[in-house]
Amino acid sequence: MRFWRPGASKWDRALGITLVAGVAMLLLVGLVFAIAYGSQRITRDAKSLHNADEILRSSTVVRAQLSLGVHAGEVDSHFGINSSEAMSLSLEETGQALEDLDLALQALVSDGIEIGDIQDRVESFSAAARKVIALMEAGDTEGASAVVADDVGPGFNRLGSSVVVVRNGLADTVRSSDVLLSQIGNVAGFLVAFLLPAAVIFIYRDLLRRQARQAELESRLEAARQISEAREEFIANASHELRTPLTSITGLAMLLAEVPTIREDPASAELLDLMISESVDLNRMVEDLLTAARLDAGALSYTFQDVSPDIEVEEVAGSLRRAGVPVEAACEPAQLRADAVRLRQIIRNLLSNANKYGGPRIRVLGYVEGRTYVCEVIDNGEGVPDEIADRVFQRFVHQGQQTAVMGSVGLGLSIVHALTRGMGGSASYRRSNGETHFAIRMPLAHSSEALSVPGLARAEPDQLTA
């Protein structure tokens, strides 16, 4: 299984490093537990070895003290010497050694190791030793000497041979465990000595990469911020610089339109209407560019107030009519909580879009639907191609190599969508009965109900008037 290959994702490399580190840590933990278990076993075997040595020592002391006491008694009987004090000391030492022998045997049995016939031989040897003590205390030196020669000596030899076998086995186990533990310790030490520097190197390299990526991201963000600021400054300056002459051109054109001499000349009137229409469109594009820049910067604010959508629609439609664009409107009166300037911008963008790219007949329907006010801009044009209908409110939507709306900057409908959402509403597009419907839905003001006019719940298309 490969965790890294050219072109693979960073997750593969991270997964490989994590698995390797995990396996190494599991191995190291296993070695630590092995060392701990080996140490416990060595300690247990060493304790058992000590108990076996204690049996040998105690049995040796018993045999030596009994032999010394019996010898002192025989010397007294042959030479008339009084060695009672030496015999008493030997018998006392023998009794203490017998107690140590019993304790060592119990400890060896509790260790849970296989001791063979050691327990039986210890009991037999202890019984013979106590018999000698009893005979010595009774003054029967000859009987005690016979028991030492017949029972204690052979019993000691048998016990010693059995204990030596167990003792040697325990010593071999301790030595082999010590060797194995030493090898495990060496492996663990090597892994620790290898893993720690390797971990430090990997962590250091990862930190360097992260710092490099962080520095690169910060550099890119700073460059993007500077570009964004420069773009916003340029758009704002350009928009303000363009607005002044545009306002003058539009105003002068409208004043000229009032001159009877010019209106009487069809060619002059047509050129003047074209001038007014184009200047209005150019002013709308400038406003869209400025609005888009503010939206990108998060600096667009709204001034909410009670707004009458029927009045706002009529105002925008009236300006288009004065520019020679026939717009039919039938809107129910109502009260919206919205920004009047932005609402007019939304309606103006939809009407301008319908005028430039829709059919010759443009209508506006406004009606109350529940707690929502719906404003539809309808034209009898061909509409938007189906392949981009679901993206029509996105910026710079393209159809093949051309923008979805020819001759535009590609911002009008996206601004409609953004401004509507910013005021708590929504925008939609649909085709119905061969007509194009762009609709916005805005919530009604909480403080007032819809001001419906009797008989105008919802105007049908043939009821619309210009």
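**Exercise 1. Determine where Gly 358 lies and whether Gly 358 counts as buried, partly exposed or exposed.**

Solution. Step 1: Gly 358 is found in the loop between α8 (340–357) and β4. The model examined here and in the exercises below is a predicted one.

Step 2: The relative accessibility of Gly 358 is 27%. Buried means under 20% and exposed means over 50%, so Gly 358 counts as partly exposed.

Step 3: Setting aside residues up to four places away in sequence, Gly 358 touches Asn 353, Asp 379 and Gly 381. In addition, the C-alpha atoms of Gly 358 and Gly 383 are 6.8 Å apart in space, while these two residues are 25 apart in sequence.

**Exercise 2. Establish the strand order of the open five-stranded sheet and explain which strands stand at the edges.**

Solution. Step 1: The order is β2-β4-β5-β9-β8, and the pairing is mixed.

Step 2: β2 (327–331) and β8 (426–432) each have a single partner strand, so one side of each is left without a neighbour in the sheet. These two strands therefore stand at the edges.

Step 3: On average, neighbouring strands of this sheet are turned by 20° against each other, with direction ignored.

**Exercise 3. Describe how β2 pairs with β4, and how β8 pairs with β9.**

Solution. Step 1: The pairing of β2 with β4 (residues 362–369) is parallel and runs over five bridges. Within β4, Gly 366 is the residue that stands opposite Cys 331.

Step 2: The pairing of β8 with β9 is antiparallel and runs over seven bridges. Here Ser 428 stands opposite Ala 439 in β9.

Step 3: A hairpin is formed by β8 and β9, with two residues between them. Asn 433, in the turn, has a positive phi of about 55°.

**Exercise 4. Identify the strands that helices α7 and α9 meet.**

Solution. Step 1: Helix α7 (residues 309–322) lies across β2, β4 and β5 (372–379). Its direction is at about 170° to β2.

Step 2: Helix α9 (residues 412–422) packs on the sheet and touches β8 and β9 (435–443). The direction of α9 makes about 25° with that of β9.

**Exercise 5. State how many residues the largest nonpolar core has, and which element gives the most to this core.**

Solution. Step 1: As background, nonpolar side chains in soluble globular proteins tend to be buried together.

Step 2: The largest nonpolar core has 42 residues, and those with the most contacts inside it are Leu 350, Leu 351, Val 364, Phe 438 and Ile 440. The element that gives the most to this core is α8, with seven residues.

Step 3: Apart from neighbours within four places in sequence, Leu 350 is in contact with Val 377, Leu 413, Val 416, Phe 438 and Ile 440.

Step 4: There is also a second, separate core of 35 residues, which includes Leu 98, Phe 125, Ala 129 and Ala 144.

**Exercise 6. Characterise the surroundings of Thr 94.**

Solution. Step 1: Thr 94 belongs to helix α2 (residues 84–110).

Step 2: Because its relative accessibility is 0%, Thr 94 counts as buried.

Step 3: A polar atom of the Thr 94 side chain lies 2.7 Å from the backbone oxygen of Ser 90.

Step 4: Beyond neighbours within four places in sequence, Thr 94 is in contact with Val 62, Gln 65, Leu 66 and Ile 133.

Terms used: Residues are numbered from 1 along each chain as its sequence is written. This is a predicted model: local features need pLDDT of at least 70, side-chain atom pairs count only at pLDDT 80 or more; totals for chains, interfaces and linings use all residues. Side-chain values use heavy atoms; hydrogens and water are left out. Helices (H or I, at least four residues) and strands (E, at least two) are DSSP runs, numbered from the N terminus. Buried means under 20% relative accessible area, exposed over 50%, partly exposed in between (1.4 Å probe, protein chains only). A polar contact is a pair of N or O atoms within 3.5 Å; within protein, one must be able to donate a hydrogen and the other to accept it, and residues adjacent in sequence count only if both atoms are side-chain atoms. Contact means heavy atoms within 4.5 Å. Two strands pair if DSSP finds at least two bridges between them. Axes are lines fitted to C-alpha atoms, for helices over the stretch in contact, and angles run from 0 to 180 degrees between N-to-C directions. A nonpolar core is a set of buried Ala, Val, Leu, Ile, Met, Phe, Trp, Tyr and Cys residues joined through side-chain atoms within 4.5 Å.
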